[in-house]
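Q: Could you take a close look at the salt bridges in this model and walk me through the residues around them?

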Amino acid sequence: MNAPTDQNGLEGVAAFGRPPAARPTRAERLARDAANAAEVRRWQGHPDVVALRVERVRSQVDRLCWAGIVLGLAFTMANVQWFAAAGSAPWSLPWLAAWLLDPTVSLVLLAILRAEQVTARYQVHTGRWVRAAKWSALGATYVMNTWASFAAGSLSGVVLHSVPPLIVFAAAEAITDLRDKLTEAVAVAFMDAAERAEPPMPSQATDGVHESQPSKPHRAPRRTQSTRRKLFADYLHEARQAWTPDVTVTPAWVRNVTRCSRGLSPRLASALTAELEGSQDTTVPGEEDRS
C-alpha cells in the first residue's frame, strides 16, 4: 500500500531535484553581447536614425528659441502698456485698452515667426513684405519699450529695456537661418549615413556572432552600388544637362530630373534660373559636352 506513495514521492523529489541548466560560459556571453552590439551599431548608423537625431536637435532649438521669444515679449508688455496708457487713471477704459497694444504687436510677430518655421523647414524663402512686417513689429516694440527711458535720459533704463527687444529681434532673425541650416544638415547627414551604412540585417539574425555579421555574398552588391555622395554641384549639373529652352524650371521639374530631395529642389531651381537668366548664350546647356 505504501509503495505507490513512495514511488510518487520519489518522482516528486526527482522532479524538483533536477540539476539546473548549465550556465553559459564567458565566451558564450561575450558572443551574445557582440551580436547585440553589432545589431545596435548597424541601426545607429542607419540613415533614418541619423537624420532623426538631427531632427530632434532642430526641435530642441525651436523650443528654446520660442521660449526665449515669448518671455522677452512678456517682459516688454508692462512698459508698452505704460507707454500706451499715457498717465490714464488705473482701471479706466484707456488704461485697460492700453493692455491690448502689446499683445496686438506680439501676436502679429508670432504669426510671422510661426509661418517662417514651416517655410524654413522646406527652405522656401519668404518675400520682402514678410520681413518688413517682422521688422516693423520688432521696431515698434523696441520704441514703445524704451521711450520713457530715452525721455527721462536714464542710460541704465535704456539698457535695461533695450536688452529684451534686441534679443527677441536677434532670435527672430537667427531662428530662420538656424532652421534652414538644420534642414540642410538633415539632408547631408542622411546622405552621409547612406554611404557608410550597410543594409541592416533582419532581427532574426541576432542569435550568434556569425549570423549577425554580413557574409561576403552580402557585401558584393554593396560594392557595386556604392557611389560618392552627390553634392549640390552634381545635382545642378544634372539639371543643367536636362534643361531645354522649352522647359520652365520649377522645383518639381528639378526633382523629376535629378531625384533630389524636396527640401533641396527649390535651391537648385533658383540657382539654375539665376544661371540661365545671367547667361547671354542661347546654346542649350550640356550641348558642347555632348558634342
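A: Here is a tour of the charged pairs, followed by a polar contact and the cysteines.

A word on the ground rules: this is a predicted model, so local features need pLDDT of at least 70 and side-chain atom pairs count only at pLDDT 80 or more, while totals for chains, interfaces and linings use all residues. Residues are numbered from 1 along each chain as its sequence is written, and side-chain values use heavy atoms, with hydrogens and water left out.

Let's start with the count. Take a salt bridge to be a side-chain nitrogen of Lys or Arg within 4 Å of a carboxyl oxygen of Asp or Glu, and the count comes to five salt bridges.

One of them joins R58 and E55, with N to O at 2.3 Å. The two residues sit three apart in helix α3 (residues 47–85), so about one helical turn separates them. Helices here are DSSP runs (H or I, at least four residues), numbered from the N terminus. As for burial, the scale runs on relative accessible area with a 1.4 Å probe and protein chains only: buried is under 20%, exposed is over 50%, and partly exposed is in between. On that scale R58 is buried at 5%, whereas E55 is partly exposed at 22%.

Next up is the pair E173 and K134, whose side chains meet in a salt bridge at 3.2 Å, N to O. This pair links distant parts of the chain: E173 is in helix α7 (residues 155–196), K134 is in helix α6 (residues 128–152), and their positions lie 39 residues apart in sequence. Both partners are buried, with E173 at a relative accessible area of 16%. The E173–K134 pair also turns up as a side-chain polar contact of 3.2 Å. That term means a pair of N or O atoms within 3.5 Å; within protein, one must be able to donate a hydrogen and the other to accept it, and residues adjacent in sequence count only if both atoms are side-chain atoms.

Now widen the view a bit. E173 and K134 belong to a network of salt bridges that also takes in E116 and R131. If you set aside neighbours within four places in sequence, E173 is in contact (heavy atoms within 4.5 Å) with R131, K134 and W135.

Then there's E275 with R240, a salt bridge whose closest N and O atoms are 2.5 Å apart. E275 lies in helix α12 (residues 265–278) and R240 in helix α10 (residues 232–242), so the bridge ties together parts that are 35 residues apart in sequence. Both ends count as partly exposed: E275 at 32% relative accessibility and R240 at 22%.

While you're at it, have a look at R255, which lies in helix α11 (residues 251–258). R255 is partly exposed, with a relative accessible area of 22%. Its side chain joins that of S265 through a polar contact of 3.0 Å. Beyond its neighbours within four places in sequence, R255 is in contact with C260, S261, R262 and S265. R255 and Y235 are 20 residues apart in sequence, and their C-alpha atoms are 9.5 Å apart in space.

That brings us to the cysteines. C260, just named among the contacts of R255, is buried at 9% relative accessibility, and C65 is buried too, at 17%. With a disulfide taken as a pair of cysteine sulfur atoms within 2.5 Å, the structure holds zero disulfides.
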